[in-house]
Amino acid sequence: MTTEPRSTEPRSAGASPAEAARPAAAQPDSARLPVAVLGATGLVGRRLVARLARHPWFKPAALFASERSAGRAYGELVPDAANLPADTAALTVRACAWSGTDMAVHETLVFSALGADVARELEPALASAGALVVTNASAFRMDPRVPLVVPEVNPDHLALAASRPFGRGAILANPNCSTIGLVLALAPLHAAFGIRRVHVVTLQARSGAGLAGLQDETLTGDVVPFIAGEEEKLERETARILGLDLPISAACHRVDVTHGHTLAVSVELETEVETAALAQAFEAFVAPADVAALPSAPRRVIELVAEADGPRPVRDVDRGDGMAVSIGRLRPCPILGHRFVTLSHNAERGAAGGTLLLAELARARGLLGDLLERGDT
Ligand SMILES: NC(=O)c1ccc[n+]([C@@H]2O[C@H](COP(=O)([O-])OP(=O)(O)OC[C@H]3O[C@@H](n4cnc5c(N)ncnc54)[C@H](OP(=O)(O)O)[C@@H]3O)[C@@H](O)[C@H]2O)c1
């Protein structure tokens, strides 16, 4: 059970202890692209702002949330704002406007950490006004106009957005926070052996349900075997990203863990191999060179956990600055052939860090185009 306070997001404005100790980016402001963050006061938005505040290419310049937060300095609204640069903490939070037209974020890179209902209205409005929206919300993940991308796995899907399908701008989507851990584990196996079928049971942390999830007293000491829409997202998004018509059976559970989604995966491969071959495939997996060079890319995207009882959220969730997927407990499965456990940080790899990596990829592949000409290139 969690030992962290439930009333606020526990870490320094979203940073891990190692991150909090790291100084903010030293680059001159003029060399960084000003970006906007929607939902900046939420669990994901705080982590996004903390990452952006020390980012070499981007800097937080416009922060948006609901009417409840509007008009107040960002530093007053988030805990441990002292870890943020003074100019970020001093930004006045503005309310999202439904039309999107008076938010003054046209031709801007916009990170969205809004809930799906708000995102469904606002993100296309901003994109058609010329923004490039990189979103955590689920609203458009299955929309054929929107690339759904895990940069190490399907970076070429970004090309879908090159034609600016929403008019002047585009939306790029980060997958569901459990999908990312599953996709990063399945991609090397599919490349090496082919995959026939997958069964996955998730144990998903409180923080996957946002700040409200951290505060949910009813979850204390409990397991909830239902998360609305989650099993469908995991099944559909994984198939879309891998480009496979893959039978996947998912069973999703909310558990009393603070951060980190654990997945117990069983897989049937097209090729008959010893389970040790799966470990070799995980070890050998590397991102495309341009993805591996991005500022938010982890040094190793898959980390094999040596301990017999791992991976475990408390011990392993921050591996690779929260951007690595930990895999352990590789063993034969009497039904599907092989089984293992994955762990990834839902709010970092699965959200804030994931969208930042996606935006970096968009910039590296030229998708930001004239947006970046006003800043660093
Ligand atoms: N939590 C995760 O691990 C995770 C992982 C992957 C994806 N996601 C997705 O990321 C998004 C954000 O999740 P979260 O966990 O950060 O949620 P959260 O903690 O509940 O934060 C929600 C944010 O949205 C703002 N907001 C709420 N209603 C609004 C409205 N009507 N207009 C404008 N802003 C509004 C809130 O502002 P106020 O502070 O002013 O209320 C807050 O900034 C969701 O789509 C979620 O599904 C989350």
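## A kinked helix and a shell between two domains

Helix H12 has a kink of about 50 degrees, centred on Gly354. This is a predicted model, so every value here is computed from it.

**Helix H12.** How far does H12 span between its end C-alpha atoms? The answer is only 21 Å. A straight helix of 17 residues would span 24 Å at 1.5 Å a residue. H12 is also largely enclosed by the rest of the structure, because 16 of its 17 residues are buried. To count as buried, a residue needs 20 or more other C-beta atoms within 10 Å of its own. After H12 comes Gly366, with a positive phi near 85 degrees.

**Helix H5.** Now take helix H5, residues 116–128. H5 has 13 residues. From its first C-alpha to its last, H5 reaches 18 Å, close to the 18 Å expected at 1.5 Å a residue. Still, H5 bends by about 30 degrees at Leu122. A proline, Pro124, follows within four residues of that bend.

Which residues of H5 are buried? They are Ala119, Leu122, Glu123, Pro124, Ala125, Leu126 and Ala127. Leu122, the site of the bend, is thus on the buried list, and so is Pro124. The buried residues of H5 pack against three named strands: S4 (109–112), S5 (132–135) and S6 (170–173). H5 is followed by Gly130, whose phi is positive, near 115 degrees.

**The ligand shell.** Both helices return here. There are 30 residues around the ligand, and Gly42, Val44, Ser66, Ser69 and Gly210 come nearest. The elements that give two or more residues to this shell are helices H2 (43–53), H5 (116–128), H7 (210–215) and H12 (348–364). By class, the shell has 15 nonpolar, 14 polar and one charged residues.

Where does the ligand lie relative to the domains? Domain 1 covers 12–175 + 352–373, and domain 2 covers 177–345. Both give residues to the shell, so the ligand lies between them.

**Backbone details in the loops.** Two residues other than glycine have a positive phi: Asp80 and Arg164. The table sets them side by side.

| Residue | Phi | Loop | C-beta neighbours in 10 Å |
|---|---|---|---|
| Asp80 | about 55 degrees | between H3 (74–77) and H4 (86–89) | 18 C-beta atoms |
| Arg164 | near 50 degrees | between S5 and S6 | 16 C-beta atoms |

Are these residues buried or exposed? Asp80 is partly exposed, and Arg164 counts as partly exposed too. The reason is the neighbour count: partly exposed residues fall between the cut-offs of 12 or fewer for exposed and 20 or more for buried. The loop of Arg164 joins S5 and S6, two of the strands that H5 packs against.

A further loop holds a cis peptide bond. This bond joins Gly310 and Pro311, and its omega is about 5 degrees. Pro311 lies in the loop between strand S11 (302–304) and helix H11 (313–316).

**The whole chain.** Step back to the full protein chain. The chain holds 13 helices and 13 strands. Of its 377 residues, 53% are buried. Now take the contacts with a separation of 6 or more. Residues 24 or more positions apart account for 74% of them.

Technical notes:
Residues are numbered from 1 along each chain as its sequence is written. This is a predicted model: local features need pLDDT of at least 70, side-chain atom pairs count only at pLDDT 80 or more; totals for chains, interfaces and linings use all residues. A residue is near a molecule or strand if its C-beta atom, placed from the backbone, lies within 6 Å of it. Ala, Val, Leu, Ile, Met, Phe, Trp, Tyr, Cys and Pro count as nonpolar, Asp, Glu, Lys and Arg as charged, and the others, Gly among them, as polar. Domain bounds come from an automatic or database domain assignment. The expected span of a helix is 1.5 Å times one less than its number of residues. The bend at a residue is the angle between axes fitted to the seven residues ending there and the seven starting there. Two residues are in contact if their C-beta atoms, placed from the backbone, lie within 7 Å.
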